[in-house]
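Open the structure in your viewer and keep the selection panel at hand. The stops below go from aromatic rings to a charge over a ring, and then to a ligand.

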Amino acid sequence: MSLDAAVLARTAPLYERVRRVIPAMEWPVFADDVDAILSLKRERNAVILAHNYQTPEIFHCVADVVGDSLALARKAVDTNADVIVLAGVHFMAETAKLLNPDKTVLIPDLGAGCSLADSITPEDVRLMRATYPGVPIVTYVNTSAAVKAESDVCCTSGNAKRIVEKLGVPKVIMLPDEYLARNIAAETDVEIIAWKGHCEVHERFSPTEVRQLREDHPGVIVLAHPECPPEVVAEADFSGSTALMSDYVAEHKPARVVLLTECSMSDNVAVQHPSVDFIRPCNLCPHMKRITLANIREALETGQHEVTIDPAVAVAARRAVERMLAL
Ligand code: 13P
Ligand code: SF4
């Protein structure tokens with residue numbers, strides 16, 4: 001048996017998981033990297049944490065833990081591995097490092113950033129604190145460790161309302177996503193002061209687009225990520241984090257659904273629900289798409305790029321993340 005045939009035979013059961021979203025003729029392009037990554041993980045005692053926006057060959061074939069930002073942060077604490085490869089964006093890798101200071105955390109491409117994380121600096125947070133003395137600062141995990149270090153507590157899209165309400169105060173500052181802040185404000189009595197950051201992927205959805213979708217696909221159920229503008233969320237049937245959207249599909253099994261979020265999300269959920277018809281207007285996140293099987297393999301082979309955090313920053317940032325997990 002030639003090497004390629006052996007690789008194809010070993011990876012055949014993995015291809016079965018993704019055959020609904022990856023054409024058979026494309027699989028040989030992925031098979032060699034998948035096979036190599038599986039043995040490198042064993043050699044290095046490594047785990048791969050993959051966000052819901054990773055492509056199906058990463059999400060379904062090489063990842064050990066998949067989920068939204070909250071799940072990845074939680075599961076990062078549980079691992080016994082020596083090496084964590086974060087298939088996602090840089091703030092997620094920093095969060096994994098904050099919670100695992102003694103482990104090696106790798107991000108396959110250092111350019112995998114986030115428009116929300118780029119929208120605010122530690123100086124901006126200090127300015128907000130000085131402007132609103134005594135008002136607690138809740139920071140979305142989509143931020144740098146240095147910004148988290150200036151905050152009182154972190155939140156994700158999956159727990160933002162709960163965190164805001166658990167603080168037991170009438171007013172909070174919520175940074176940096178303006179739309180997430182306004183969407184949470186619509187669901188709670190707590191007054192929320194927002195920043196002006198936006199997700200470059202979710203801000204592109206519009207209410208007109210949602211109305212057109214409903215016209216073109218009668219009966220479609222519309223699920224929107226809370227990073228979408230409030231006018232879009234108002235037109236949706238449900239809004240929640242990527243994990244909550246996935247749970248919604250699993251629980252309700254709608255005949256037709258559209259997920260107003262990043263494109264790979266529909267592919268990954270569709271694999272698990274063959275009976276559901278996914279309508280796919282979606283927007284690509286260029287940062288998430290920097291992660292590929294090839295650079296995951298390279299990360300495991302070479303140990304790059306290791307995520308490090310200034311110890312002084314790490315202590316304060318870890319406190320904000322751990323407070324979130326405790327709440
Ligand atoms: P989730 O926490 O809902 O997975 O969102 C992360 C993210 O980056 C969404 O754009
Ligand atoms: Fe950041 Fe938006 Fe990409 Fe999520 S989808 S990583 S919020 S730019």
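A search of the whole structure, which is a predicted model, finds three aromatic pairs. Start by selecting Tyr15 and Trp27, and show their side chains. Their ring centres are 5.2 Å apart and the planes meet at 45 degrees; this angle falls between the limits of 30 degrees for stacked and 60 for edge-to-face, so the pair of Tyr15 and Trp27 is tilted.

Now colour by secondary structure. Tyr15 belongs to helix 1 (residues 3-18) and Trp27 to helix 2 (residues 27-44), so the pair, with its tilted rings, links distant parts of the chain, 12 residues apart.

Turn on a surface for these two residues. Tyr15 has a relative accessible area of 12%, and because buried means under 20%, Tyr15 counts as buried. Trp27 is buried too, at 4% relative accessibility.

Add Phe30 to the selection. Tyr15, Trp27 and Phe30 make up one aromatic cluster.

Next, select Trp195 and Lys196. The charged end of Lys196 sits over the Trp195 ring, 3.8 Å from the ring centre.

Last, go to ligand 2. Where does ligand 2 sit? Ligand 2 is found in the largest cavity. To display its surroundings, select Tyr53, Val89, Cys114, Ser115, Leu116, Asn142, Cys199, Val201, Glu227, Cys285, His287 and Met288, which are the residues around ligand 2. Colour this shell by residue class: eight of its residues are nonpolar, three are polar and one is charged.

Notes
Residues are numbered from 1 along each chain as its sequence is written. Chains are lettered from A and ligands numbered from 1 in the order in which they are written. This is a predicted model: local features need pLDDT of at least 70, side-chain atom pairs count only at pLDDT 80 or more; totals for chains, interfaces and linings use all residues. Side-chain values use heavy atoms; hydrogens and water are left out. A residue is near a molecule or strand if one of its heavy atoms lies within 4 Å of it. On a 1 Å grid over the protein atoms alone, a cavity is a set of points where a 1.4 Å probe fits but cannot get out, and a pocket is an open set with protein on both sides within 12 Å along at least five of seven lines; lining residues have an atom within 4 Å of a point. A molecule sits in a cavity or pocket if more than half of its atoms lie within 2 Å of its grid points. Ala, Val, Leu, Ile, Met, Phe, Trp, Tyr, Cys and Pro count as nonpolar, Asp, Glu, Lys and Arg as charged, and the others, Gly among them, as polar. Rings of Phe, Tyr and Trp (its six-membered ring) pair if their centres lie within 6.5 Å; planes under 30 degrees apart count as stacked, over 60 as edge-to-face and the rest as tilted. Helices (H or I, at least four residues) and strands (E, at least two) are DSSP runs, numbered from the N terminus. Buried means under 20% relative accessible area, exposed over 50%, partly exposed in between (1.4 Å probe, protein chains only). A charge sits over a ring if NZ of Lys or CZ of Arg is within 6 Å of the ring centre and within 35 degrees of the ring normal.
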